[in-house]
Amino acid sequence: MSLPVRTLGTAALLVVLGTTACTPVRTHQGYVVDHDLVASVQPGIDTRDSVMQTLGHPSFTSQFNEGEWFYVSRDSSNFAFRNPKVKSQTTLRVRFDQAGNVTSIDQTGVELAASIDPYGKTTPTLGRRRSFFSDLFGNIGTVGAPGAGGGPGGGGNTGP
């Protein structure tokens with residue numbers, strides 16, 4: 001009688017362990033959005049300093065226009081070893097004028113996120129392929145050659 005009980009117990013244990021391995025792992029990355037704090041930032045009233053005190057440091061700032069701060073929040077989940085899938089993403093953009101006053105606040109979701117699919121383990125480039133030995137010995141005979149640069153004319157230019 002103990003054999004069927006052990007078998008059933010072992011089977012039940014395997015089922016429980018098997019189903020817990022398939023539970024999704026949920027992660028949060030970036031800024032934790034507090035809607036009350038975001039609503040308290042008012043265009044025309046707040047400045048960079050007050051936004052920094054209210055919302056904290058931005059996730060990143062604009063590289064081309066120093067008048068924009070971005071706060072990014074992302075929730076994702078994955079099963080076991082699979083790549084995570086984005087469930088929700090919130091990007092908060094705060095724009096400033098030249099004086100440092102808030103001009104606008106925009107909030108977008110995952111619809112503006114770009115999915116980038118890498119191409120293998122190499123990046124395709126223009127030009128020719130070179131091997132290790134061509135890189136190592138490729139300059140033999142080119143030092144001082146006409147048109148190769150570095151010659152007696154200081155750069156290889158023969159024109160006026």
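A residue counts as buried when its relative accessible area is under 20%, and as exposed when that area is over 50%. In this predicted model, helix 3, residues 48–55, has three residues named as buried: Ser50, Val51 and Leu55. Around the axis they cover an arc of only 105°, so they sit on the same side of helix 3. An α-helix has 3.6 residues a turn, so residues three or four places apart point the same way. The face of helix 3 turned away from the buried side carries Asp49 and Gln53, both exposed.

The protein chain as a whole has 4 helices and 5 strands. Along the sequence, these elements follow the pattern α-β-α-α-β-β-β-β-α. The chain has 160 residues, and buried residues make up 18% of them.

Strand 3 has pairing partners on several sides of the sequence. Strand 1, residues 24–30, runs antiparallel to strand 3, and 7 bridges join the two. Within this pairing, Arg26 stands opposite Ser77 of strand 3. Strand 2 covers residues 60–61 and pairs with strand 3 over 2 bridges, also in the antiparallel sense. Here Phe60 has Phe70 of strand 3 as its bridge partner. Strand 2 and strand 3 form a hairpin, with 6 residues between them. Strand 3 also pairs with strand 4, over 10 bridges and in the antiparallel sense. Arg74 has Gln89 of strand 4 as its bridge partner. Ser76 is matched in strand 4 by Val86. Strand 3 and strand 4 form a hairpin too, with 5 residues between them. In its turn, Ala80 has a positive phi of about 45°. Strand 3 is mostly covered, as 9 of its 12 residues are buried.

The loop between helix 1 (2–20) and strand 1 holds Thr23. Thr23 has a relative accessible area of 43% and is therefore partly exposed. Along the chain, Thr23 and Phe79 are 56 residues apart, yet their C-alpha atoms are separated by 6.4 Å.

The pairing continues from strand 4 to strand 5. These two strands run antiparallel and are joined by 6 bridges. Their hairpin has 5 residues between the strands, and Gly100 takes a positive phi near 95° there. Arg93 stands opposite Asp106 of strand 5.

Side chains of opposite charge can pair when their charged atoms come close. The structure holds 2 salt bridges. One of them joins Asp106 to Arg93, with the closest N and O atoms 2.6 Å apart. Asp106 lies in strand 5 and Arg93 in strand 4, so this pair ties together parts 13 residues apart in sequence. Arg93 and Asp106 are thus linked by their side chains and also stand opposite each other in the two strands. Asp106 has a relative accessibility of 26% and counts as partly exposed. Arg93, at 22%, counts as partly exposed as well.

Another salt bridge is formed by Arg95 and Glu68, whose closest N and O atoms are 3.2 Å apart. Arg95 belongs to strand 4 and Glu68 to strand 3, so the pair ties together parts that are 27 residues apart in sequence. Arg95 is partly exposed, with a relative accessible area of 30%. Glu68 has a relative accessibility of 12% and so counts as buried, the cut-off being under 20%.

The largest pocket has a volume of about 210 Å³. It is lined by 12 residues, of which Phe70, Gln89, Thr91, Thr108 and Leu112 are the closest to its centre. Three elements give two or more residues to this lining: strand 3 (68–79), strand 4 (85–96) and strand 5 (102–108). By class, the lining has 5 nonpolar, 4 polar and 3 charged residues. Two of the central lining residues, Phe70 and Gln89, also appear in the strand pairing. Phe70 is the bridge partner of Phe60, and Gln89 is the bridge partner of Arg74.

Key:
Residues are numbered from 1 along each chain as its sequence is written. This is a predicted model: local features need pLDDT of at least 70, side-chain atom pairs count only at pLDDT 80 or more; totals for chains, interfaces and linings use all residues. Side-chain values use heavy atoms; hydrogens and water are left out. On a 1 Å grid over the protein atoms alone, a cavity is a set of points where a 1.4 Å probe fits but cannot get out, and a pocket is an open set with protein on both sides within 12 Å along at least five of seven lines; lining residues have an atom within 4 Å of a point. Grid points are joined across faces, edges and corners, and a volume is the space filled by probe spheres set on the points. Ala, Val, Leu, Ile, Met, Phe, Trp, Tyr, Cys and Pro count as nonpolar, Asp, Glu, Lys and Arg as charged, and the others, Gly among them, as polar. A salt bridge is a side-chain nitrogen of Lys or Arg within 4 Å of a carboxyl oxygen of Asp or Glu. Buried means under 20% relative accessible area, exposed over 50%, partly exposed in between (1.4 Å probe, protein chains only). Two strands pair if DSSP finds at least two bridges between them. The arc is that of the directions from the helix axis to the C-beta atoms.
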